[in-house]
Amino acid sequence: MAAQIVGVFEPELQEKISNSKILVVGAGGIGCEILKNLVLSGFQDIEIIDLDTIDVSNLNRQFLFHKEHVGKSKANVARESALSFNPNVKIKAYHDSITTSNYGVNFFQQFNLVLNALDNRAARNHVNRLCLTADVPLIESGTAGYNGQVELIKRGLTQCYECTPKAAQKTFPGCTIRNTPSEPIHCIVWAKHLFNQLFGESNEDEDVSPDTADPEAGAEAGESALAAEANEKGNVDRVNTRTWAQQCGYDPEKIFNKLFYDDINYLLSMSNLWKSRTPPNPAKWDALEEDGEAAPTDTVLRDQKVLSLTESAKVFGESITALKKDFEKLAEGDHLVWDKDDKHAMDFVAACANIRAQIFNIPRKSRFEVKSMAGNIIPAIATTNAITAGVVVMHAFRVLKGELDKCKSVYMRLRPNARNQLFVPDRTLNPPNPKCYVCAAKPEVTLKVDTKNVTVKELRDDILIKALNMLNPDVILDGKGTIVISSEEGETDCNNDKKLEDLQIVDGCVLKVDDFVQNYELTVTVIHKDPGRDESSFDIVADPDSLKPKEDEDQKTDDAQPSTSGQNGNSKASTSNNGAVDDDDDMCIVEEDAEKPSTSDAGAGPSSSGSEKRKIEDSEGPSTKKARVSNDDDDDDLIVIN
């Protein structure tokens with residue numbers, strides 16, 4: 001191997017390579033390349049962890065895997081393949097999630113260096129926090145088509161993965177999704193919501209029924225339809241979508257007619273909606289005409305073809321039947337999880353989206369296009385993964401030599417910039433953000449929340465775990481010592497359904513939050529908010545200064561110091577609970593924007609959506625502004641640029 005060949009590395013580096021212990025988190029496109037590079041460079045002690053299994057779609061870019069490996073553990077197969085390069089290397093593989101309590105601070109402290117090859121927001125944030133606590137250097141990496149990036153994270157020296165607020169993910173008003181779609185993406189979001197209503201984790205905010213509260217519909221919205229449905233007492237009996245589907249045995253014809261005929265007629269009764277829009281055309285199951293052309297049997301051709309209404313209805317029926325069987329196999333109370341790589345789940349969403357698009361006179365899309373939009377996918381480029389992994393290992397060499405100042409963030413581009421650079425480094429290391437709610441001396445955030453309606457369970461699940469990316473938080477009401485949430489199972493279950501104000505969590509109070517697993521403490525200042533319609537019930541603000549009145553801010557402008565994160569010190573990171581997060585194992589999300597970033601995302605906090613990368617401007621070379629990277633799924637292959 002290279003480390004044993006005289007003249008390749010200087011003796012001091014050779015020794016450090018041979019004696020170092022490295023952790024690779026993720027065994028996907030970049031992870032496989034990193035592992036191969038480490039083995040061929042002479043590293044003798046490597047551990048790799050990944051929860052994922054090998055899919056046939058991985059084989060075109062993850063070269064440690066072959067057809068016979070499909071369905072097996074990525075980490076275990078990557079280990080076996082890497083050992084074929086050098087059987088003398090010690091490689092330990094874990095088919096597990098890095099976020100479990102088995103991999104705490106003590107686990108991380110045994111390594112000289114951690115190399116992240118993830119595409120999962122929660123996992124990235126978790127590794128970031130544990131590396132900060134363990135004081136172990138972390139090298140982050142990601143790719144987006146032909147673009148890639150690598151950066152070093154070191155406590156006290158560089159900004160951490162969560163130092164800079166993330167850009168808001170695109171969300172759509174509920175009334176647009178339910179009542180007046182105008183773009184293919186509206187139909188795709190509706191179809192994914194429908195999947196959850198029928199088979200997945202049901203969410204009231206994702207109801208697919210027509211929205212009679214739509215302000216455009218007017219006071220007489222749906223009057224005729226409501227009158228027709230009224231019972232003998234004049235009330236309308238509403239049945240949960242899943243309950244109704246179960247009552248009719250998930251009959252494809254009945255579900256089709258309800259969604260695409262009855263509900264569309266209901267929408268047509270809201271006449272105000274169609275004064276300036278083309279009204280939809282209801283579709284009925286028994287009125288569909290037979291197509292003379294047979295559907296393609298070849299998978300590639302089938303994915304590329306734009307199906308007719310009748311063809312989509314056939315796929316709709318077949319997918320519902322298959323999903324019903326899968327759903328019935330689950331334990332009571334369990335549910336299916338939508339996955340773009342699950343054939344029946346993907347078929348269902350593609351068929352529903354195209355049927356609804358046809359009804360609303362919106363261009364239909366091929367299954368491949370729907371999959372790309374539903375999963376936010378950019379095709380992975382194997383060469384980009386390989387180059388990125390090479391830069392990761394070169395950074396590893398510098399870290400081992402103690403040359404941290406030379407580990408500047410590097411960005412790979414498809415085309416040269418104005419300085420004729422394809423590989424663009426930052427001019428300097430990016431220092432920590434003193435107001436970061438993770439790596440600051442005293443981490444704190446301000447929580448703007450509807451204290452009258454949000455429950456303790458929602459505080460724990462939606463805000464602390466999903467938005468702030470904690471694993472098992474304990475919460476105490478500061479000043480009173482009231483235990484609001486306990487990580488001990490069952491200890492505070494009695495509080496779950498209580499509103500925050502019932503426990504005296506009101507405007508101005510302070511919560512002390514502690515996550516033992518992450519060794520992370522956070523102070524949360526609560527401010528009450530009354531959300532409007534289609535507005536999130538909470539926002540998280542990482543910089544309390546952003547809450548000050550504008551007049552006060554203006555008065556302090558002359559004295560304000562520039563923020564170390566490359567943004568104004570009063571920039572706000574807000575996280576709301578109505579953003580959709582797709583934990584997609586083939587992508588990570590990168591948003592490049594010249595504006596100040598702000599985050600509005602249920603699945604990630606103000607700075608927990610993913611690492612933020614520099615936006616490179618051709619005219620200026622490396623810029624001090626950041627492009628945001630966030631990772632939805634457990635693989636590093638792709639980054640989505642919104």
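## Overall picture

Of the 642 residues of the chain, 53% count as buried, a term used for residues with under 20% relative accessible area, while exposed stands for over 50% and partly exposed for values in between (1.4 Å probe, protein chains only). The model is predicted, so local features need pLDDT of at least 70 and side-chain atom pairs count only at pLDDT 80 or more, whereas totals for chains, interfaces and linings use all residues. Residues are numbered from 1 along each chain as its sequence is written, and side-chain values use heavy atoms, with hydrogens and water left out.

The chain has 17 helices and 18 strands, which are DSSP runs numbered from the N terminus (helices H or I, at least four residues; strands E, at least two). Among contacts (heavy atoms within 4.5 Å) between residues at least 6 apart in sequence, 71% join residues at least 24 apart.

## A six-stranded sheet

An open sheet of six strands, with mixed pairing, follows the order β11-β10-β12-β13-β9-β14. At its edges stand β11 (482-485) and β14 (538-541), each of which has a single partner strand, so one side of each is left without a neighbour in the sheet.

Strand β10 (residues 473-477) pairs with β11 in the antiparallel sense over three bridges, where pairing requires that DSSP finds at least two bridges between two strands. Within this pair, Ile476 stands opposite Ile483 in β11.

## Leu422 and its loop

Leu422 lies in the loop between β7 (410-412) and β8 (423-425), and Leu422 counts as partly exposed because its relative accessibility is 35%.
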